[in-house]
Amino acid sequence: MKLSVLGAGGWGTALARLLANAGHETTLWARRPELAEAIDTARENVRYLPGVVLPRDRLVVTSDVLVALDADAIFLAVPSFAMNELLHRIAPELTGSPTLINLAKGLDRESRRTMSELIGFHIPDAEVFALSGPSHAEEVGRDAPTAVVLAGKNLDLGRQIVDAVATPRFRIYLSEDIRGVELCATVKNIIAVATGIADGLGYGDNSRGALIARGLAEMVRFGRSFGGEDATFFGRSGLGDLVTTCTSRYSRNRLVGERLGRGESLESILSGMVMVAAGVSATAVVRD
């Protein structure tokens, strides 16, 4: 297939590498021309995914969004707070029924829509999917065994995507519960911030285990209220991603919480971060 990834952060870069190595003609789009040039020249995203070598064959890096939109399927790998702007930009350039796969974890701040709902609002004819689960870019970029969920309403098209994208080390399960998967992806980051706060306060493993367990219960109730299926929250995109995000050394959300627990201000923490901690922006929206 001819595939594109819009967003050259760590996760977008790791996925573009995986797609190219799986044999697909892949385009990675970076918003900033200087970042695209640096990645293309070094064959490494030094800023967002250092140490992971990108293939020279089948992977084009560009800052021209029109080049990236010429694809059979497009993965949207920008943060949730940037999704509305990106969709507003690309919607006039897309025709027919494009296949758009959301990778962002969060809700739109203004409309409180999920990312798939936001995509549908801007591009009503799109075939929309969400790809989510325990999948830190640092590990996917090094081919560590990973299992995720692809959720969408068109299961026939979903199976085609799974068959094309999955590898022996990147397994994809198919689901119709796109709302549940996206709510899992949003709420688990908030629980990870809370878990980090407990770690920063020095509360130990007992508190961490309690927070994860009670956090899962709250995730299930929240998801049920908004139309998600209970089983989704106990699967890879729910419990699997929750445990990973609450315990991993790669988890930015847990790290933000830990630093808060040690007494640092949120402003100073965020100002010094290169990557995005999605749980921070998600907290106010989910609470509302």
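Helices and strands here are DSSP runs, numbered from the N terminus; a helix has at least four residues, a strand at least two. Just after one such helix, α1, Gly-23 takes a positive phi of about 105°. The model is predicted.

Start with strand β1, residues 2–6. Buried means under 20% relative accessible area. Four of the five residues of β1 meet that mark, so the strand is largely enclosed by the rest of the structure.

β1 has two strand partners to look at. One is β2, residues 25–29. Five bridges join β1 and β2, and the two run parallel. Find Val-5 in β1, then look across: Leu-28 is its bridge partner in β2. The other is β4, residues 73–76. Here too the pairing with β1 is parallel, over four bridges. Ser-4 has Ile-74 as its bridge partner in β4.

Now follow the chain from β1 into helix α1, residues 10–21. β1, α1 and β2 together make a right-handed β-α-β unit. The helix has twelve residues. From first C-alpha to last, α1 reaches 17 Å, close to the 16 Å expected at 1.5 Å a residue.

How many of the twelve residues of α1 are buried? Eleven are, so α1 is largely enclosed by the rest of the structure. Among them are Trp-11, Leu-15, Leu-18 and Leu-19. Arg-17 is also on the buried list, as are Gly-10 and Gly-12. An α-helix has 3.6 residues a turn, so residues three or four places apart point the same way.

Terms used:
Residues are numbered from 1 along each chain as its sequence is written. This is a predicted model: local features need pLDDT of at least 70, side-chain atom pairs count only at pLDDT 80 or more; totals for chains, interfaces and linings use all residues. Side-chain values use heavy atoms; hydrogens and water are left out. Buried means under 20% relative accessible area, exposed over 50%, partly exposed in between (1.4 Å probe, protein chains only). Two strands pair if DSSP finds at least two bridges between them. A crossover is right-handed if, with the strands pointing away from the viewer, the path from the first strand over the helix to the second runs clockwise. The expected span of a helix is 1.5 Å times one less than its number of residues.
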